[in-house]
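Dear colleague,

I am handing over the structure we spoke about, and my notes on it follow below. Please read them alongside the coordinates.

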Amino acid sequence: MTDERDTSMNDPAPDTDDATTRVPTPTPAEVVTPPSQTTSTPPTDEHEVAWASSTVPASPVVPPAKEPRQGGRLRWAVSLAVVALVIVASAAVAVIITGRSSTATVLGYVPAGTTMYAEARLDLPGDQRRAAGEFLSKFPGFADQAALDPKLDQVLDDLIKGATNDEQSYTADIKPWFDGELAFGLGALPAAGSMMGGDTAGLGSLRALVLVSVKDPGLAQAWFGAEIAKAGAKTTTESYGGTTLTVFEKTDGVTPALAVIDGKVVVAGDIVSVKAAVDSKGSSDFAAEPGPKAALGAVNDDYVSFVYVALGPLLDWSNDLNKALPQASGAPSAAISEAMRKAIPAWGAYWTRFESDALVMDAVAPKPELAVGPTQNRASTIVEHVPASAIVAAISNDYGKTVKDALDLYRADATLKPMIDQVDQALGLLGGVDAALGWAGDTAIVVNGTNDAPEGGLIVTPTDKAAAAQLFTSLRSLVALGGAQAGITVTDETYNGVTITIVNVGDLSKLSGMSGAAMPMRMPLPSGDLQIAFAVTDDVVVIGSGPGFVKHVLDTTKDTSLASSERYKMLAGRAGTGMSATFVDLTAIRGLIEKTAAGTADTAELAKYEKDMKPFLVPFDALVASGSVDGDLTRSVIYLTVK
């Protein structure tokens with residue numbers, strides 16, 4: 001690299017007071033250093049040149065009476081692996097419950113220009129301690145919230161002991177210094193071309209950083225020092241900006257480093273990113289950049305995890321990588337066309353939070369240049385046609401417009417032309433895109449629970465009843481003419497003045513046998529005829545798994561619909577009014593599965609399920625979600641509720 005200073009993470013040139021200085025004997029309070037050191041001069045890192053004003057021999061950290069282990073390219077990763085293990089295990093149970101400031105300390109040390117940022121708040125800030133406790137109280141063993149902390153500590157101890165062969169425990173080794181915040185930042189990616197041919201030298205331009213908050217820097221330094229010594233990694237120490245860096249051997253162009261900054265945060269990553277974190281002085285410009293600022297500003301509640309992704313740079317890198325790959329035609333191509341890029345937002349942000357009876361997942365993004373589908377929030381009346389016994393209902397507003405917009409977008413992508421030509425040819429048999437889709441308004445995909453077996457289908461509110469009727473008349477004729485030789489029959493029946501058309505495809509078991517010769521492995525199918533039924537009224541178009549589903553929808557009134565259910569109204573009200581809505585009755589689905597398993601599953605397996613799994617599944621009630629617009633942003637939210 002000719003430019004020794006990397007600007008992708010906004011690495012400012014050090015001023016006179018903060019110039020890099022090699023120190024032969026760092027003080028114990030500043031650096032992680034096991035006893036019995038030897039002295040050598042570390043290799044020069046091309047990224048360090050611009051940061052150094054002088055160079056003198058440094059003190060490497062070497063474990064006593066032990067030869068350095070082989071495998072240099074993995075040495076530094078092994079040294080930090082325990083840290084990653086601790087974080088993953090901790091995140092799995094969200095354990096440290098102390099109630100802190102809603103703004104993470106680690107955020108201030110994230111270098112500017114970061115393209116992806118992920119943050120886990122295991123300290124459960126603000127109201128998250130109370131909410132998490134109430135949420136977990138619904139599950140076996142957590143009813144007594146006063147005993148919540150020790151129970152979670154015990155879970156973590158078991159996880160850490162198991163992962164480290166009883167060499168580490170959470171309460172004795174990790175908890176005393178860990179302050180509950182973890183973050184990961186991804187900066188500049190290596191040039192796409194440098195990743196070809198198995199060459200790893202390009203990794204030297206990768207910018208990545210892990211940040212962990214600490215409450216006792218001395219204990220943290222001792223723990224990291226012990227783990228580094230145990231891994232047998234060669235390190236040197238370096239003073240930069242008043243902070244002591246532990247620098248690992250350069251491998252594949254990457255010089256990893258680790259530092260405790262301001263006694264608050266441990267950072268580990270490539271040395272350029274670590275120095276950028278030091279330069280931030282805890283007040284990085286990252287959170288003030290347009291994308292992160294808008295994303296963080298869209299968060300209205302305390303959370304336990306947060307992720308920000310700058311999609312533009314990642315898509316550009318993906319395109320560059322695709323162009324660098326050998327192409328069968330010899331001509332480079334983009335992974336995502338310019339037309340498709342216009343439909344993808346510049347960034348996306350996602351966060352998770354607890355409510356007393358729900359785990360809530362939020363997402364936000366700026367409106368893309370090219371919108372696909374509806375652009376306004378409104379409550380759909382189609383739910384008034386969904387039976388109250390529905391266990392799944394996924395509602396999309398203006399579905400016809402959404403599909404037409406998507407097809408127009410795909411037509412602008414030359415690589416998709418063969419597929420779109422086939423779609424247009426098929427739609428041409430029905431009179432074209434407008435005839436086939438222009439009549440479709442709001443749509444609901446429904447799974448209905450009945451006493452016999454689940455049934456499902458599609459419910460559509462027609463914006464043009466005549467156009468809908470004409471389309472399905474044409475479909476009936478095409479199926480009747482083309483399906484006769486395949487044994488497909490088409491019949492009609494009248495139900496309360498409405499004509500229901502039933503397409504009988506044939507016996508499923510016979511169809512399975514017919515296709516078996518061409519398939520390496522056959523999947524057994526239940527016996528009985530496969531039927532598809534549809535009906536068109538002034539209010540709805542119904543397409544279902546049989547006449548039973550169609551009749552249930554036709555029988556549904558506003559007062560007997562899912563919309564009349566107090567439970568549904570409460571849940572849907574929490575998700576809010578938007579452009580789409582989803583409802584999944586988890587309790588009912590579990591009941592159906594258990595009912596089916598009772599007649600087919602092994603008795604021992606059922607007993608094991610009843611004892612070990614069911615008590616932890618019973619609390620889950622429902623999932624509701626919605627997608628909406630909020631000014632220049634699009635939002636979505638998912639509630640996973642418990643009872």
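The largest nonpolar core, a core being a set of buried Ala, Val, Leu, Ile, Met, Phe, Trp, Tyr and Cys residues joined through side-chain atoms within 4.5 Å, has 35 residues, of which Tyr-117, Leu-211, Leu-245, Val-267, Phe-306 and Tyr-308 touch the most other members. At least two residues of this core come from each of E5, strand E7 (243–248), strand E8 (256–261), strand E9 (265–270), helix H6 (271–280), strand E10 (305–310) and strand E11 (347–355), and H6 gives the most, with 5 residues. Another core, of 32 residues, lies apart from it and has Ala-390, Ile-500, Ala-535 and Ala-563 among its members.

Please bear in mind that this is a predicted model, in which local features need pLDDT of at least 70 and side-chain atom pairs count only at pLDDT 80 or more, whereas totals for chains, interfaces and linings use all residues. Residues are numbered from 1 along each chain as its sequence is written, and side-chain values use heavy atoms, with hydrogens and water left out.

The chain has 18 helices and 22 strands (DSSP runs of H or I with at least four residues, and of E with at least two, numbered from the N terminus). Of its 643 residues, 44% count as buried, that is, under 20% relative accessible area with a 1.4 Å probe and protein chains only, where over 50% is exposed and anything in between is partly exposed.

Arg-207 sits in the loop between strand E4 (178–186) and strand E5 (208–214), and it counts as buried because its relative accessibility is 0%. Its side chain makes a polar contact (N or O atoms within 3.5 Å, one able to donate a hydrogen and the other to accept it) with the side chain of Asp-270, at 3.3 Å.

As for helix packing, helix H17 (residues 586–600) and helix H18 (residues 603–617) pack at an angle of about 175°, with their axes 13 Å apart (axes are lines fitted to C-alpha atoms over the stretch in contact, and angles run from 0 to 180 degrees between N-to-C directions). H17 is therefore roughly antiparallel to H18, a label for angles over 145 degrees, while those under 35 count as roughly parallel, 65 to 115 as roughly perpendicular and the rest as oblique. Arg-590, Glu-594, Ala-597 and Ala-598 in H17 meet Leu-606, Tyr-609, Lys-614 and Leu-617 in H18, contact meaning heavy atoms within 4.5 Å.

Best regards
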